[in-house]
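Please walk through this structure with me. We will take the sheets, the helices and a few single residues in turn.

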Amino acid sequence: MICRPLFALLEAAVLLLGAGTAAATSHVLRYFFTGVSELGHGLPRFVIVGYLDDQQFVHYDSDSRRDLPRGPWIQKVEEDDAQYWDWQTQLSHSWELYFQLSLWNRFNHTPGFHTWQWMHGCELQEDGRKDGKSQFGYDGADFLSLDKQTLTWTAADWRAQVTKRRWEADQVWTQGRKNFLEGDCVEWLQKYLNYGKESLLRKEPPVVTVTQKGSYDGLEILICRLHGFYPKEVDVTWRKGGEILEQETFRGGITPNSDRTYHTWLSIEIDPKERKHYKCHVEHDGLLNPQDFTWEKPVSSATEILVGSVLGALAAAVLLVIGILFYTKIRRKGYLVASNIVE
């Protein structure tokens, strides 16, 4: 099992290396590499995790030294290639050696604990367009990123300049990164997507509710909550008379549920007198068309009392009928018994 601190480190790598959310009409294959300069801290020396869209499908670390599947759909690959995990393990092991012999040995580190992070991956859009990124981070900050068009590396700070010049002089290394992003990566993405299509291509629409709560100075807050949707990408805004109110909106993050769906929320402070003009506008692949949701006034107390009274009266009537039938049955049975005695 991978320890919790390393999960936090990998999550930080996703954010720092710019691994943002892809568009709803695209799929993304990404690999995240993390290496540490010294043992300890409860972390393996080297880790690779692979994600297809939002689902992890492989894990390798320097403790197990083995590529291990994560999730049921990736295990289908063994049906087509019995040696798949063996050659993937060899590839991961070669990257572990690269981190040890090149990154750590050829970079001027200060004493102490340091981290290297690398994200490379590709995106395939629904219309067939392709894109790819290869980005390195050092100690939790951006370091170098590949420009595929010019075969150059963009340095994030002065420390990266030496590595930038060395990599740009090594055209085999730089061209190899571009070739992977435009070749093998896209092929792997398409193959893995076919294995995981039942999970990755499903569309589950959001369940949307709008609630209201008081604020201050006579204002109130409307909260739009979306739950149980997949894929993750969703476009939701507060609107007034068709105008998008982005600056006035407070948003929560898009958070995963235990069933691999997502939930999120957004709120806005309003004048109650204008409440009817505010709509929560939702666009998602699981919906046939965009939909608007407004706050619905709950059933009033008077109505609840009336409904309760009616239901109570009906229940009483039913009980009365049952009582009469039961009493009639008992009397009839008593009459028959008495008749038999008399006879």
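A residue counts as buried when its relative accessible area is under 20%. Keep that cut-off in mind. Note too that this is a predicted model.

Start with helix H3, residues 84–104. Its buried residues are Tyr 84, Trp 85, Gln 88, Thr 89, Ser 92, Trp 95, Glu 96, Tyr 98, Phe 99, Ser 102, Leu 103 and Trp 104. The helix has 21 residues, which at 1.5 Å a residue should span 30 Å. Its end C-alpha atoms are 29 Å apart, which agrees. H3 also bends, by about 30 degrees at Tyr 98. Tyr 98 is itself one of the buried residues of H3.

Now move to helix H5, residues 171–182. It has twelve residues. From the first C-alpha to the last it reaches 16 Å, close to the 16 Å expected at 1.5 Å a residue. Which residues of H5 are buried? They are Trp 173, Thr 174, Arg 177, Lys 178, Phe 180 and Leu 181. These residues cover an arc of only 160 degrees around the axis, which puts them on the same side of H5. A general rule helps here. An α-helix has 3.6 residues a turn, so residues three or four places apart point the same way.

Helix H4, residues 161–169, holds Thr 163. At 3% relative accessibility, Thr 163 counts as buried. What does Thr 163 touch, leaving out residues up to four places away in sequence? Its contacts are Phe 107, Phe 143 and Leu 144.

Next come the sheets. Strands of a sheet pair through backbone hydrogen bonds, either parallel or antiparallel. One open sheet here has eight strands. Their order is E4-E3-E2-E1-E5-E6-E7-E8, and the pairing is antiparallel. E4 and strand E8 (152–155) stand at the edges. Each has a single partner strand, so one side of each is left without a neighbour in the sheet.

Follow this sheet from the E4 edge. E4 covers residues 68–69 and pairs with E3 over two bridges, in the antiparallel sense. Val 58 has Pro 69 in E4 as its bridge partner. E3 and E4 form a hairpin with six residues between them. In that turn, Arg 65 has a positive phi of about 55 degrees.

Is strand E3 (residues 55–61) largely enclosed or left open? Seven of its seven residues are buried, so E3 is largely enclosed by the rest of the structure. Strand E2, residues 46–52, joins E3 through six bridges, and the two run antiparallel. Ile 48 finds its bridge partner in Tyr 60 of E3. E2 and E3 also make a hairpin, with two residues between them. Asp 53 in this turn has a positive phi of about 55 degrees.

Further along the order, strand E1 (residues 26–36) meets E5. Eleven bridges join this antiparallel pair. Tyr 31 has His 120 in E5 as its bridge partner. Strand E5, residues 115–125, also contains Thr 115. With a relative accessible area of 6%, Thr 115 is buried. Thr 115 and Arg 45 are 70 residues apart in sequence. In space they are 9.7 Å apart, C-alpha to C-alpha.

Another pair is E9 and E10. Strand E9 (residues 207–214) and strand E10 (residues 220–229) are antiparallel and share eight bridges. Val 207 stands opposite His 227 in E10. Their hairpin has five residues between the strands. There, Asp 217 takes a positive phi near 55 degrees.

His 227 returns in the contacts of Asn 257. Asn 257 sits in the loop between strand E14 (255–256) and strand E15 (262–270). At 17% relative accessibility, Asn 257 counts as buried. Not counting residues up to four places away in sequence, Asn 257 touches His 227, Gly 228, Tyr 262 and His 263. With His 263 there is also a polar contact of 2.6 Å between the side chains.

Finish with the open sheet of four strands, ordered E12-E11-E16-E17. Its pairing is antiparallel. Strand E12 (243–244) and strand E17 (291–293) stand at the edges. Each has a single partner strand, so one side of each is left without a neighbour in the sheet. Strand E11, residues 235–240, joins E12 through two bridges. Here Lys 240 has Glu 243 in E12 as its bridge partner.

Conventions. Residues numbered from 1 in each chain as written. Predicted model: local features only at pLDDT ≥ 70, side-chain atom pairs only at ≥ 80, totals over all residues. Heavy atoms only, no water. Expected span 1.5 Å × (residues − 1). Buried < 20%, exposed > 50% of the residue type's maximum accessible area, 1.4 Å probe, protein only. Arc of directions from axis to C-beta. Bend = angle between axes of the 7 residues up to and from the residue. Pairing = 2+ DSSP bridges. Polar contact = N/O pair within 3.5 Å; in protein donor to acceptor, adjacent residues only side chain to side chain. Contact = heavy atoms within 4.5 Å.
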